[in-house]
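Hi everyone, thanks for coming. I'd like to walk you through a structure that is probably new to most of you, so let's put it on the screen.

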Amino acid sequence: MNKKNVFVGAAFVAALATLGAAQSALQRAAAAQGKGAQAPRFEVDPMWPKPLPNHWLLGNVIGVGVDKDDHIYIVHRGAATLDRKEIYALQNPPMSECCAAAPPVLVFDAAGNLIKSWGGPGEGYEWPDSNHGITPDSKGNVYIGGNGGNDGQILKFTKDGKFVKQFGFAYANAGSNDTWAFKQVAKVSIDEKANEGYVADGYGNKRVAVIDLDTGKIKRYWGAYGNKPDDTNLGRYNPDAPVAQQFRNPVHCAEPSNDGMVYVCDRVNDRLQVFTKEGKFVKEQRIAPKTLGDGSTWDIAFSRDPQQKYLYLADGANEKVYIIDRQSLEVLTSFGDGGRQPGTFYAVHSIAADSKGNLYTTETYEGKRVQKFVYKGLAPVTKPNQGAVWPTTR
């Protein structure tokens, strides 16, 4: 066989593989429907949260987390991401009574009442140029990353906003194989039993880094497929090309599960990769692999049963949340659509679950909000996408 035939044959096989991947999500959802599969069902709560005080507005809402008391933490980017007319009250002199940016961190109870607010620059630490991701632990600590061009730090606060520690530092410009700092961290996820944090490092680097939660020391790290990270620019994502052997920016989440796996959002590569906690590659799933631009795999949360049977994946490009069988990575169904109304999304960015199974989502860019989706139990899968899951009337 000559080289030309080998090349053509390989290209044909690659094209078939890509076509199969592109169709797989719909096929899996249709198969789930045919098998009578069940999946969690949700309804949006259009009255959550309650109105903010002090004429406060939210900018890009860039992270959400839930603590052991079912308090919901969000972090947003404030005045820098609000239109001038939205912050007339901040002009000098004030141009109207309304409005102003809320503090960067807001904490709500399950009923939607605002119970705390804090954050921003302070003594002893470097607040991110562009905060990104927020994660509370069960000990009363909160971790915040940053994906600004100069952000190489992770901040640790108490749940009341008292500064505890800074890991890394701004202007670090650390690479994907450096162990002394980070580069534009998307999010920190917690493994409390091991006292470790899984850092999606992230917007500047192309790795998962595992840190000691007390010292911030980087204990281990890895790239896509468990490879040593490589900072080479891979260029734009092409769904018809062979799969990339490295992550693209951003590595947007790295979530440890109860059974010792780590689920990594390789956002622009449209895939979810699964590893052991030591960084050994286990499997992957491509999600809407024809998605360009922002990519399809933005953030995940697990169902709150001990087995974490389901995985919820936020897709801010296709504007939906996928409900996935965690073991098989089979897409069962999804909900959401693009829009401004409750139950629809504009760049759904982050997702978290509370102890009752309710979901909370945030939206960046012009979305600028947090929504609550109330868990309504298991229901038969009837279609691949449910659209806006508006409350039913009875």
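Let me begin with a question: how do the residues of the lining of the largest cavity divide into nonpolar, polar and charged? Keep that in mind for a moment. You should know that what you see is a predicted model.

A search of the whole structure finds 2 cavities of 30 Å³ or more. The largest cavity has a volume of about 70 Å³, and 13 residues line it. Nearest its centre lie I62, K187, D299, H349 and S350. And here is the reply to my opening question: the lining holds 5 nonpolar, 6 polar and 2 charged residues. Where does this lining come from? Strands β3 (61–66), β8 (131–136), β12 (185–191) and β24 each give at least two residues to it.

The second largest cavity encloses about 50 Å³ of space. Its lining is made up of Y237, N238, P239, A241, V243, A244, N269, R271 and R286. Those residues split into 5 nonpolar, 2 polar and 2 charged.

Let's go back to β24, since we met that strand at the largest cavity. It also belongs to an open sheet of 4 strands, in the order β1-β26-β25-β24, with antiparallel pairing. β1 (38–44) and β24 (348–353) are the edge strands; each has a single partner strand, so one side of each has no neighbour in the sheet. On average, neighbouring strands here are turned by 30° against each other, direction ignored. What joins β24 to β25 (residues 359–363)? The two pair in the antiparallel sense over 5 bridges. For V348, the bridge partner in β25 is E363.

Now for the aromatic rings. Across the whole structure, a search finds 18 aromatic pairs. Take W118 and F157: their ring centres are 5.2 Å apart and their planes stand at 50°, so this pair counts as tilted. W118 sits in strand β7 (residues 114–118) and F157 in strand β10 (residues 153–158), so the pair ties together parts that are 39 residues apart in sequence. Are these two residues buried or exposed? W118 has 8% relative accessibility and counts as buried, and F157, at 1%, counts as buried too.

One last thing to look for on the screen: ring pairs also link F42, Y312, F335, F345, F373 and Y375 into a cluster.

That's my tour; thanks for listening!

Definitions and conventions. Residues numbered from 1 in each chain as written. Predicted model: local features only at pLDDT ≥ 70, side-chain atom pairs only at ≥ 80, totals over all residues. Heavy atoms only, no water. Pairing = 2+ DSSP bridges. Axes fitted to C-alpha atoms, helices over the stretch in contact; angles between N-to-C directions. 1 Å grid on protein atoms, 1.4 Å probe; cavity = no way out; pocket = protein on both sides within 12 Å on 5 of 7 lines; lining within 4 Å. Points joined across faces, edges and corners; volume = space filled by probe spheres on them. Nonpolar A, V, L, I, M, F, W, Y, C, P; charged D, E, K, R; others polar. Phe/Tyr/Trp six-rings, centres within 6.5 Å; stacked < 30°, edge-to-face > 60°. Buried < 20%, exposed > 50% of the residue type's maximum accessible area, 1.4 Å probe, protein only.
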